[in-house]
Amino acid sequence: MTPALHYASAKRMRRMHDQLLQAYGPQHWWPAETPIEVVIGAYLTQNTAWRSVERSLEKMRSAGALSLDGLRAISIEDLQFLIRPSGFYTRKAAALKAFIGLLDSEFGGSLEALAAQSTVVLRKKLLSLPAVGPETADAILLYALKHAVPVADEYFRRIANRHGLVATAAKNRKGYEALIQLTQQTFSNEPLRSRIQKYNEFHALTVAVGKAHCGRKPDCSGCPLVGDLRDAVNIITVAQQVR
DNA sequence: CGCCAGGCCGTGT
DNA sequence: ACACGGCATGGC
């Protein structure tokens with residue numbers, strides 16, 4: 001929490017971004033054709049493998065439900081059936097309907113009108129929706145609405161923990177805030193346009209490395225982030241603490 | 001077969 | 001303010 005710790009971590013974060021970009025290349029996120037697909041994907045991927053989300057998205061596309069009008073027209077029961085592969089389908093179907101309901105009742109059914117709100121107002125509005133927590137809200141803000149908002153997910157939380165990037169990376173509100181602030185600080189010197197791109201790329205890269213090396217049973221062998229001794233020492237130390 | 005996935009929410013302390 | 005169980009399916 002001290003400025004000094006943040007500064008050291010931000011430097012490590014920038015190096016991490018470069019290492020990951022080198023190892024995995026540009027990720028071209030979010031994997032979707034349209035903003036509403038981003039929104040739908042953000043809901044569906046909650047605690048769910050992206051592979052399963054893809055199956056749901058494909059079923060929705062085939063049914064013509066993968067669009068604003070499609071989402072409006074489909075019944076909640078039919079929507080539940082289409083998104084079954086990604087699990088939690090009762091809640092997720094209701095939540096998607098609630099999103100379109102908000103869009104229609106307050107923003108004339110326009111995602112552009114929604115995006116035109118200030119980031120602070122918008123984030124609060126999104127968080128008031130059912131099944132929208134910090135990560136879903138921020139993913140929608142960044143990837144669908146193009147606001148300059150970092151995204152922190154479970155992978156990044158583990159990475160930050162193992163590399164000692166933050167003082168508290170607990171699974172609570174303060175832990176999430178710490179990860180967001182760290183990312184903000186890391187790219188704070190970038191102009192707005194570039195900052196949005198960095199937030200985009202960095203989150204995508206943390207997912208890439210997370211899928212490969214930072215699952216619940218971490219496999220650090222071959223991870224591009226453990227190239228030097230300092231990192232390895234850090235990981236061993238922190239991993240023992242976490243256990 | 002058991003564990004896990006790009007979280008969130010209600011309840012109990 | 002947290003910790004914790006439930007939500008549900010499919011991939012590995």
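**Close-up 1. A mixed set of residues lines the surface near DNA strand C.** By class, the surface near DNA strand C has 5 nonpolar, 6 polar and 6 charged residues. Keep in mind that you're looking at a predicted model. Around DNA strand C there are 17 residues, and those that come nearest are P85, G87, T90, N172 and K174. Want to know which elements to look for? Helices α3 (50-62), α6 and α11 (173-186) are the ones that give two or more residues to this surface. The largest share comes from α6, with 3 residues.

**Close-up 2. DNA strand B has its own surroundings.** How many residues surround DNA strand B? The count is 26, and the closest of them are Q46, W50, G133, T136 and E154. Three helices give two or more residues to the surface near DNA strand B: α9, α10 (154-162) and α12 (192-213). Helix α9 provides the largest share here, 4 residues. Sort the surface by class and you get 12 nonpolar, 8 polar and 6 charged residues.

**Close-up 3. Helix α2 crosses helix α6.** Here we zoom in on α2, which covers residues 35-44, and α6, which covers residues 89-107. Their axes come within 10 Å and cross at roughly 145 degrees. As for handedness, this crossing is right-handed. Which residues of the two helices meet? From α2, look for V39, I40, Y43 and L44; from α6, pick out K92, A95, L96 and F99. This contact has 7 nonpolar residues, 1 charged residue and no polar ones. You've already come across α6 in the first close-up, where it gives the largest share of the surface near DNA strand C.

**Close-up 4. Helix α8 packs against helix α9.** Now find α8 (residues 119-127) and α9 (residues 134-144), whose axes are 9 Å apart. What angle do they make? It's about 135 degrees, and α8 and α9 are therefore oblique to each other. The crossing of this pair is right-handed. On the α8 side, T119, L122, R123, L126 and L127 take part, and they meet A137, I140 and L141 of α9. Split by class, the residues of this contact come out as 6 nonpolar, 1 polar and 1 charged. Helix α9 should look familiar too: it's the helix with the largest share of the surface near DNA strand B.

Definitions and conventions:
Residues are numbered from 1 along each chain as its sequence is written. Chains are lettered from A and ligands numbered from 1 in the order in which they are written. This is a predicted model: local features need pLDDT of at least 70, side-chain atom pairs count only at pLDDT 80 or more; totals for chains, interfaces and linings use all residues. Axes are lines fitted to C-alpha atoms, for helices over the stretch in contact, and angles run from 0 to 180 degrees between N-to-C directions. A crossing is left-handed if the near helix is turned anticlockwise from the far one by less than a right angle, and right-handed if clockwise. Two residues are in contact if their C-beta atoms, placed from the backbone, lie within 7 Å. Ala, Val, Leu, Ile, Met, Phe, Trp, Tyr, Cys and Pro count as nonpolar, Asp, Glu, Lys and Arg as charged, and the others, Gly among them, as polar. Angles under 35 degrees count as roughly parallel, over 145 as roughly antiparallel, 65 to 115 as roughly perpendicular and the rest as oblique. A residue is near a molecule or strand if its C-beta atom, placed from the backbone, lies within 6 Å of it.
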